[in-house]
Structure formats: structure tokens, C-alpha cells
Amino acid sequence: YHMSEMMGVLPAYRGAGLSLRLKLAQREYALRQGHRLMTWTFDPLMARNAHLNIERLGCVCRRYIRNKYGELTGINAGLPTDRFEAEWWIASPRVERRLAGVDAPQPVSAWLAQGAHLMNPSHGSAAGVPVPGTPDRRFDAPTLLVEIPADSGAVKRHDLALAQAWLGQAAELFEAAFDAGYVAARFIRHDPERPGRAYHALLRDLN
């Protein structure tokens with residue numbers, strides 16, 4: 001398989017779709033080499049990256065790695081470098097459908113209507129920043145929803161301790177869900193009913 005160790009876009013060029021184009025170029029290169037799997041890591045609390053990797057590209061994640069890169073500076077300063085390991089099965093029908101724009105994301109209300117269990121609904125602070133609620137660790141639903149802040153960077157700038165609380169809770173929930181056989185396979189970046197929240201959808205069945 002092909003491991004993508006690092007990819008980045010300079011700040012002046014972000015928001016122009018270059019990350020997607022770079023990953024598609026990597027995919028073409030790996031396919032020509034005969035590979036069927038690409039892997040890399042990303043911060044599961046960064047909604048922008050989760051949306052690209054899981055929703056746009058069709059990656060799945062079943063491994064949570066705590067503090068993979070140790071203490072870093074810059075945008076990573078102050079928090080452990082916890083990461084999801086992304087699996088991108090580049091020749092699979094699932095990925096082909098996602099790249100073709102099929103399987104559009106559903107709103108949170110639709111997931112809940114289909115029996116999904118929201119494990120950690122948050123509540124807003126006085127400053128409008130989401131605060132993690134007490135989690136309900138139940139693993140009998142077909143889909144688990146793990147809530148994260150839609151802008152984790154804003155939470156960190158507002159209150160580092162709060163960002164640490166979000167990361168600590170997410171680590172416990174993701175590890176427990178993966179141990180129970182769930183796979184992170186969908187991502188809801190925007191919830192019109194609850195602004196400022198995003199959600200990882202963890203599925204038992206990857207159909």
C-alpha cells in the first residue's frame with residue numbers, strides 16, 4: 001500500500017479545492033503502481049480535514065492513535081497530537097461512488113430518525129462555544145454519532161482547557177467505539193439546527 005506521510009497547502013491557496021486535487025493525483029499515481037490502499041493520519045477534531053477525508057474521498061477510520069507525533073508547536077501547540085488513521089481503498093466501489101458525488105451526506109436529524117445514537121450532545125457556553133456534555137456510552141445502535149466542535153481552532157483560542165476536554169472525551173469515545181466494532185465512515189460538517197457542531201458517524205455496516 002501507499003503511505004501518504006505529509007500533504008499541505010499554503011495558507012494563501014486554501015479554500016480553492018487544492019487538497020482534493022492533490023489527493024486525486026496521489027490516487028492516480030498509486031493506482032498506476034498497482035496499489036489498492038493508501039493510508040495517512042489526520043486530527044479527527046479538525047472538521048475541515050474530516051470532511052475532506054471521510055466525506056469527499058470516502059476514507060474509513062478504525063484506529064485511534066494517541067499523541068502520535070508528541071508535542072508540537074504552531075496550530076498543534078498545547079494539545080496531544082491524537083490522530084485517526086485513514087484508510088483510503090482507492091479502487092473500491094465505495095470510493096468511486098463518493099468521488100462521483102453519490103451518497104450525499106444526511107443531516108443529523110435524518111441519522112437520528114434512522115436509529116443513530118448521539119453519544120455526547122453538547123451544550124453552549126455563555127460565549128457561544130460548545131461544551132462537551134456527559135457521554136452516554138451505549139453501543140447497541142447501528143450508528144453512533146460523536147459530536148465535535150465545528151471549529152476546534154476557535155475553541156482552542158477561546159479556552160485551551162475546554163479544547164483539552166473535547167479531545168479527552170473524543171479519545172475515550174472513539175477508542176471504545178472502535179473496540180466495539182464500529183468504523184468512522186461518514187461525517188456531518190454542518191448542523192443547521194445546532195450551529196457550531198459537527199459529527200462523526202460510526203457505522204457497524206459499511207454498505
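A salt bridge here is a side-chain nitrogen of Lys or Arg within 4 Å of a carboxyl oxygen of Asp or Glu. By this rule the count comes to 10 salt bridges in the structure, which is a predicted model. The tour below visits several of these pairs and then an acidic residue that has no such partner.

**Stop one: Glu96 and Arg27**

Select Glu96 together with Arg27. The two side chains form a salt bridge, and their closest N and O atoms lie 2.9 Å apart. Glu96 belongs to helix α3 (residues 93–99) and Arg27 to helix α1 (residues 18–32), so this pair ties together parts that are 69 residues apart in sequence. The two partners may then be coloured by accessibility. Glu96 is partly exposed, at a relative accessible area of 41%, whereas Arg27 is buried, at 11%.

**Stop two: Arg97 and Asp103**

Next, select Arg97 and Asp103. Their side chains meet in a salt bridge with an N to O distance of 3.0 Å. Arg97 is partly exposed at 29% relative accessibility, and for Asp103 the value is likewise 29%, which counts as partly exposed.

**Stop three: Arg197 and Glu147**

Now move to Arg197 and Glu147, whose side chains meet in a salt bridge at 3.5 Å, N to O. Arg197 lies in strand β10 and Glu147 in strand β8 (residues 143–149), so the pair ties together parts that are 50 residues apart in sequence. Are these two partners buried or exposed? Arg197 counts as buried at 10% relative accessibility, and Glu147 is buried as well, at 1%. Add Arg194 to the selection: Glu147, Arg194 and Arg197 are linked in a network of salt bridges.

**Stop four: Asp191**

Keep Arg194 and Arg197 displayed and select Asp191, which is found in the loop between β9 (183–188) and β10 (197–203). Which side chain of opposite charge is nearest to Asp191, and how far away is it? The nearest is that of Arg194, at 5.2 Å. Because a salt bridge requires the nitrogen and the carboxyl oxygen to be within 4 Å, Asp191 has no salt bridge, although this residue is buried.

What, then, does the side chain of Asp191 meet? Select Tyr199: the side chains of Asp191 and Tyr199 make a polar contact at 3.1 Å. To complete the view, display the residues in contact with Asp191, leaving aside neighbours within four places in sequence; these are Val108, Arg197 and Tyr199. Arg197 thus appears at two stops, as a contact of Asp191 and as the salt-bridge partner of Glu147.

Notes. Residues numbered from 1 in each chain as written. Predicted model: local features only at pLDDT ≥ 70, side-chain atom pairs only at ≥ 80, totals over all residues. Heavy atoms only, no water. Helix = DSSP H or I, 4+ residues; strand = E, 2+ residues; numbered from the N terminus. Buried < 20%, exposed > 50% of the residue type's maximum accessible area, 1.4 Å probe, protein only. Lys, Arg positive; Asp, Glu negative; His and termini not counted. Polar contact = N/O pair within 3.5 Å; in protein donor to acceptor, adjacent residues only side chain to side chain. Contact = heavy atoms within 4.5 Å.
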